[in-house]
Amino acid sequence: MRKFRFQLNLSQKIILPFLCVCLSVFILCLFIVGHWFTDFLEQSLRQEVASFADRVHQDLQYEQESLETQVNLIADQDTIRLAIEQQDKQKLLQTLLPLRTALDLDWIKVVDTKGNILLDTRQAGLIQAKLLDQVITNSASGGASFSDFVSVEKNQQVLQVVIHPIKSSTRLIGGIIIGHLVNNNFLQKMADGSSKELVAIKENNIFATTLPKVKDIKWQPPPSDLSTAKLVIDNQRYLAKNVVFFGAIQSIAITVLSPTLQLETAQRMLWLRLVFLFLLGGILVTVVGFFIAKTITRRLKAVTFIAKQVTQNFNFDLQAPIISEDEVGILAISLNKLIQQVKQLLIEQHEANIKLELYNQNLEQKVEERTQELQQKNIDLKQIIHELEQTQLQLIQSEKMSSLGQLVAGVAHEINNPVSFIYGNIEYADQYIKDLLRLIQLYQLHYPDPNPDIENVLEEIDIEYVIEDLPKLLISMKVGAERIHQIVLSLRIFSRLDEAEFKVADLHECIDSTLLILQHRLKAQTHRPQIQLVKEYCEMARIKCFVGQLNQVFMNIFANAVDALDEAWENGVCPNPLIRIISEYRNDKMIIRIADNGRGIPQEIQNRIFDPFFTTKAIGKGTGLGLSISYQIITEKHSGSLRCISSPEKGTEFVITIPIR
């Protein structure tokens, strides 16, 4: 877009924005007007459909009122009352048949109070039909008076009926039902004089319509609670409105359909006229814009021509003509001054070039000397970097030795207790054994009769206590020996000095051995209570790894966790120190989570904890290489990841992820 604008000349740059603005406003106005008119036409048709639907409802109401008037006139005749009291069906037929014909009724039915049918006369099309009028007939026998609709079984026909009681001067003697069919002719009378189509529906079945093809296709009438809606029937669009007419028990719905073809034609013609108007206006705006652009750019072209001649021919003696004092004249004056200044600058530049050549010669010599100095410094820096790498390796080895020192100290501390325990009981065990031997000798000397000396010795050594305590003593010595064995075994598992290669190992066993070595730090101290351990191990724990290096990682993380809990306890933040260890197997990876509930690591330094020589501990308590070495072991040696998740005042969690190979 920028490239296209750059290639345009001045007149085009003037006329194009003018055309875009004018045509955009013109299009917007035409669109608003067109949309308003099309919407007005559609709303007019919708109002027309709604008005016609109201008229249909009024026609149905009028038919119902006519039936009520007719049934009142019939029921008030004394001849009919007398015929019902006398059960004279022939007389009823003679009286009501002419009335049915005269009143253009399709059905008259008379019943007594017992439900007996005294007369059932119908128009020819209903003689063989079975009317579903049992409820209506029962209501008429009971003296009810209401309007309703009756369906014809196995025939899509519906009658609009009115029920009226027939009474003598003293009592109810029966009831009469009259009705007329709501059929195609009935709907056609209501639709005459309009372009509307009517469809009568009862219980989702079409029983009458002025649009015959609607019975052969599937369509969904609009809901009765909505205003005029749009429907498509047989690829023809209609505006439709439902009219629901309720009887006492049943109801019918009449859908008013108005084709939208004429509306769509009018809307298309309106838009065609608006498009023609837009084209005519666009041509007019383009012509006006063209003349405006020409008027503005005519004098600018003269100035532009002089500028081209100066730049192409390097003729700085040319001057632009000044024919006015407006903006174009000011531009010409400025161009003339610029030409003179450029001419002066070229002269000065030529003189400066001569001086620059001399300066460049001196500068090249200085650059060469400086380059040699930089090369020598580069060699010195490489030597310093090499020395730093050697120093770093020495520090890493020192950190390893520090970890091994912690290991030896822990093992010595743990071995000391069981050794002291065994050593303290050896003297008592020796004395007990001597006493038992002396007692046995006395028994051999004086057996079988007990001697008073033996009795005195028995009382002196309390043989019963010795016999009872000697097994316990031996058990205690055995426990101590087993404790020593476990510690030595844990030391061997942790160090793995004989298994330094890449092989299969049990990570849970490595973690437990490391914790056993650090047991002296986990126990209750004078400055804090015992650190609780929570282990949540998964079933699978054996993977291929460098066992000794992983033990070093576990030792560093656990030692840091203990230090963090000590610091948190001293600051009163952590009343119940806890270390939680979770292992899980997921997506061919082994994940170890080691979390503490200490003070956590501040957010601003979390990105630096794996950097070499970075530590948050006091001077003399840490070298800053433990986590750095651990990170290298996990990422480089095991192709895994080591992440730190920490929240201030909530604790820290280290997540070790090792792929299973």
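What share of the contacts in the protein with a separation of 6 or more comes from residues 24 or more positions apart? Here are some notes on that and a few other places worth a look.

1. **The overall picture.** Please keep in mind that this is a predicted model. To take up the opening question, residues 24 or more positions apart account for 61% of the contacts with a separation of 6 or more. The protein has 14 helices and 17 strands. Of its 661 residues, 37% are buried. The exposed area comes to about 40,100 Å², with carbon and sulfur atoms supplying 56% of it.

2. **Ser-147.** You will find this residue in strand 3, which covers residues 146–152. Ser-147 counts as buried because its relative accessibility is 11%, under the 20% cut-off. Its side chain makes a polar contact with the side chain of Gln-64, at 3.4 Å. Beyond its neighbours within four places in sequence, Ser-147 touches Gln-64, Glu-68, Val-161, Val-162, Gly-247 and Ala-248. Gln-64 thus appears both in that set of contacts and as the polar partner.

3. **The second largest pocket.** This pocket has a volume of about 410 Å³. Three elements each give two or more residues to its lining: helix 2 (10–75), strand 5 (172–181) and helix 6 (184–191). Helix 2 provides the largest share, six residues. In total 17 residues line the pocket, and those nearest its centre are Glu-63, Asp-104, His-180, Phe-186 and Lys-189. By character, the lining divides into seven nonpolar, five polar and five charged residues.

4. **Gln-87.** Here is a backbone detail to check by eye: Gln-87 is not a glycine, yet its phi is positive, at about 55°. The residue sits in the loop between helix 3 (78–85) and helix 4 (89–102). Is it buried or exposed? Neither label fits, because Gln-87 has a relative accessibility of 40% and counts as partly exposed.

5. **Asn-204.** A positive phi turns up here too, near 65°, again in a residue other than glycine. Asn-204 belongs to the loop between strand 6 (197–202) and strand 7 (205–209). With a relative accessible area of 74%, Asn-204 is exposed, since the cut-off for that label is over 50%. When you look at the two residues together, note that Gln-87 lies in a loop between helices, whereas the loop holding Asn-204 lies between strands.

How values were computed: Residues numbered from 1 in each chain as written. Predicted model: local features only at pLDDT ≥ 70, side-chain atom pairs only at ≥ 80, totals over all residues. Heavy atoms only, no water. Helix = DSSP H or I, 4+ residues; strand = E, 2+ residues; numbered from the N terminus. Buried < 20%, exposed > 50% of the residue type's maximum accessible area, 1.4 Å probe, protein only. Polar contact = N/O pair within 3.5 Å; in protein donor to acceptor, adjacent residues only side chain to side chain. Contact = heavy atoms within 4.5 Å. Areas by Shrake-Rupley, 256 points an atom, 1.4 Å probe, with all protein chains shown as cover. 1 Å grid on protein atoms, 1.4 Å probe; cavity = no way out; pocket = protein on both sides within 12 Å on 5 of 7 lines; lining within 4 Å. Points joined across faces, edges and corners; volume = space filled by probe spheres on them. Nonpolar A, V, L, I, M, F, W, Y, C, P; charged D, E, K, R; others polar.
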